[in-house]
Amino acid sequence: MRYARPKYVVTGVTALGGLLFGYDIGIMSSILQMEGFNEYFDSPDALATGVIVSSLTIGCFLGSLLSGPLADRFSRKITIMLGALVCTLGSAIQFASISRAMLIVGRFVNGLAIGFLSSVVPMYQSETAPPGSRGRMVSLQQWAITWGIFLAFGIDYGCSYIEGARQFRLPLGLQIVPSVILLFTMAFMPFSPRWLVAHDHVGDARQVLGRLRAYGHTSAPEVTEELRLIHQTIAFERATKASSYWELLKGPNRRRTLLGCGIQFMQQFTGINTLMLYSPTIFRSIGMGSVQSIAMFQAINGLVNVTSTVPAILWIDRWGRRATLLLGTLLIIVFYLVLSLLLRSYDALTDLTSHDSVIFNLGPRGLGIASICMVYLVVASFAFSWGPCGWLIPSEVFPTHLRARANSVTTSTNWISNFAVTLTSPILLQIAGWRLFLAFSIIMAVNMALIYLFLPETKNMTLEEMDSLFAGSV
């Protein structure tokens, strides 16, 4: 069956929410190393750095919790537009910051916006995509996140040559551009057909499905059949099930909730944000001293992230979710283990009293380069597996009447886990060093066992068919 190209336009426009998400994640990593930033904000210590970075994630946590009721009442589309508007405000506050407190407030406001977008965009994409390419469509969201991170790293690198406060204000202010573009372009996008049916706008839902599936032919058989299935499922849910947060803990929905929250929790404890946000600290610890060289290595890190997401976009609907996650997890385990041993060897080699602890005797420069390569390989392994699957699986497994609330809960799990990681990472890097990455390797081994035992395959299934897949309870 051939589907119309508008699905790519809809997915591409909404993926700007992912770009904003990625830009916000990536922008602070190199800014924290900039001379202009440290002079202006009096060189924040490890704890202050953690607070500045993690204030975004607290906003994301609250925003994701609020997104469920908003998306149900006002629609997925309007909630995305609200997220873009709030992001514009938060970016303006950060750009104009004259104190640490103002910067933290600006990042918190941006966090509220990213909480809306990170929860609702994958859900909107999942509800507008055809079953056979849903994985690809939602994976484009993750690709946009990686582009946002890459752009942030690249802009940070360019701005590292500027002197004074403009060095950090410019990259913070540029966030306004994609948020304004998203706000205005989203006005021309359709409402989710499932949201329309749930609010008794069946005729409008047929129009939207005709545009997305059959080049505007609303009477096409595939449009009629999908609309019938959506209407039938929503009518059954209305007659037999309540739409409340408590429903997420009952019967078969308990299994879906545990799976969705578990996937989001495990995604954060891959340690990816430790690498994306604090890899400049790692690079500095292995002898890469200048701000420009650190920013360049970060830009390469972002490029690795972008290119390594492409295989998921092309083949995740063929490989399936399980195989993709299991392969990515196995690679991350190996690369983290090697990274921890390389960093241990570097510490031993540069400590004149402990040469007996050197495992890889490549010399300080060789160990530094090898460690950077391991960081890139972990990022690449995450990018094609946990990156897209972490957002795709929770967005597709829940029934329509609970999907918005469920995604707000699963996404808030991601963000509270993200908060824990980003707040503690600079402190743990300072205290534990290479042992932190050994711990991530062990955590990923546990994640692999859980995925193998509990994750069912969802590729090529319609959203309405998920009920039969999760018929049993836990």
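Start inside the protein, with the lining of the largest cavity: its residues divide into 8 nonpolar, 6 polar and no charged. Keep in mind as you click around that this is a predicted model. To find the spot, select I25, I145, I272, N273 and F382, which lie nearest the centre of this cavity among the 14 residues that line it. Now colour helix 2 (16-31), helix 7, helix 13 and helix 14 (272-285), since these are the elements that give two or more residues to the lining. The space in the largest cavity comes to about 140 Å³.

**Next stop: the second largest cavity**

The structure holds 3 cavities of 30 Å³ or more, and the second largest has about 60 Å³ of space. Keep I25 and N273 selected, because you will need them again: both belong to the lining of the second largest cavity, and both are also among the residues nearest the centre of the largest one. Add D24, V53, L56, T57, R107, L277, W415, N418 and T422 to complete the lining of the second largest cavity. Which helices each supply at least two residues here? They are helix 2, helix 4, helix 14 and helix 19. By class, this lining has 5 nonpolar, 4 polar and 2 charged residues.

**Out to the largest pocket**

Now look for an open space. The largest pocket has a volume of about 450 Å³. Select T281, I282, P426, L429 and Q430 to centre your view, as these are the closest to the pocket's centre of the 23 residues that line it. Five elements can then be coloured, each giving two or more residues to the lining: helix 3 (35-40), helix 4, helix 14, helix 16 (321-350) and helix 19. Which of them gives the largest share? That is helix 14, with 5 residues. Sorted by class, the pocket lining has 13 nonpolar, 8 polar and 2 charged residues.

**Helix 4 against helix 6**

Hide the spaces and show helices as cartoons. Pick helix 4 (residues 46-74) and helix 6 (residues 100-128), whose axes come within 6 Å and cross at roughly 40°. That angle makes helix 4 oblique to helix 6. The crossing of this pair is right-handed. If you colour the contact by class, expect 19 nonpolar, 9 polar and 2 charged residues.

**Helix 6 against helix 7**

Leave helix 6 on screen and add helix 7 (residues 134-159). The axes of helix 6 and helix 7 come within 9 Å and cross at roughly 155°. Do these two run roughly parallel or roughly antiparallel? Helix 6 and helix 7 are roughly antiparallel to each other, and their crossing is right-handed. To see the contact, select V121, P122, Q125 and S126 on helix 6, then R134, M137, V138 and Q141 on helix 7. This contact has 4 nonpolar, 3 polar and 1 charged residues. Helix 7 is one you have met before, as one of the elements lining the largest cavity.

**Last stop: helix 13 against helix 19**

Finish with helix 13 (residues 251-268) and helix 19 (residues 400-431). Their axes come within 8 Å and cross at roughly 30°. Helix 13 and helix 19 are therefore roughly parallel to each other, with a right-handed crossing. On the helix 13 side, select N253, G260, C261, Q264, F265, Q267 and Q268. On the helix 19 side, select L402, V409, T410, T411, T413, N414, S417, N418 and V421. How many charged residues does this contact have? It has no charged residues, and the rest divide into 5 nonpolar and 11 polar. Before you close the viewer, click N418 once more: this residue of helix 19 takes part in the contact with helix 13 and also lines the second largest cavity.

Definitions and conventions. Residues are numbered from 1 along each chain as its sequence is written. This is a predicted model: local features need pLDDT of at least 70, side-chain atom pairs count only at pLDDT 80 or more; totals for chains, interfaces and linings use all residues. Side-chain values use heavy atoms; hydrogens and water are left out. Axes are lines fitted to C-alpha atoms, for helices over the stretch in contact, and angles run from 0 to 180 degrees between N-to-C directions. Helices (H or I, at least four residues) and strands (E, at least two) are DSSP runs, numbered from the N terminus. Angles under 35 degrees count as roughly parallel, over 145 as roughly antiparallel, 65 to 115 as roughly perpendicular and the rest as oblique. A crossing is left-handed if the near helix is turned anticlockwise from the far one by less than a right angle, and right-handed if clockwise. Ala, Val, Leu, Ile, Met, Phe, Trp, Tyr, Cys and Pro count as nonpolar, Asp, Glu, Lys and Arg as charged, and the others, Gly among them, as polar. Contact means heavy atoms within 4.5 Å. On a 1 Å grid over the protein atoms alone, a cavity is a set of points where a 1.4 Å probe fits but cannot get out, and a pocket is an open set with protein on both sides within 12 Å along at least five of seven lines; lining residues have an atom within 4 Å of a point. Grid points are joined across faces, edges and corners, and a volume is the space filled by probe spheres set on the points.
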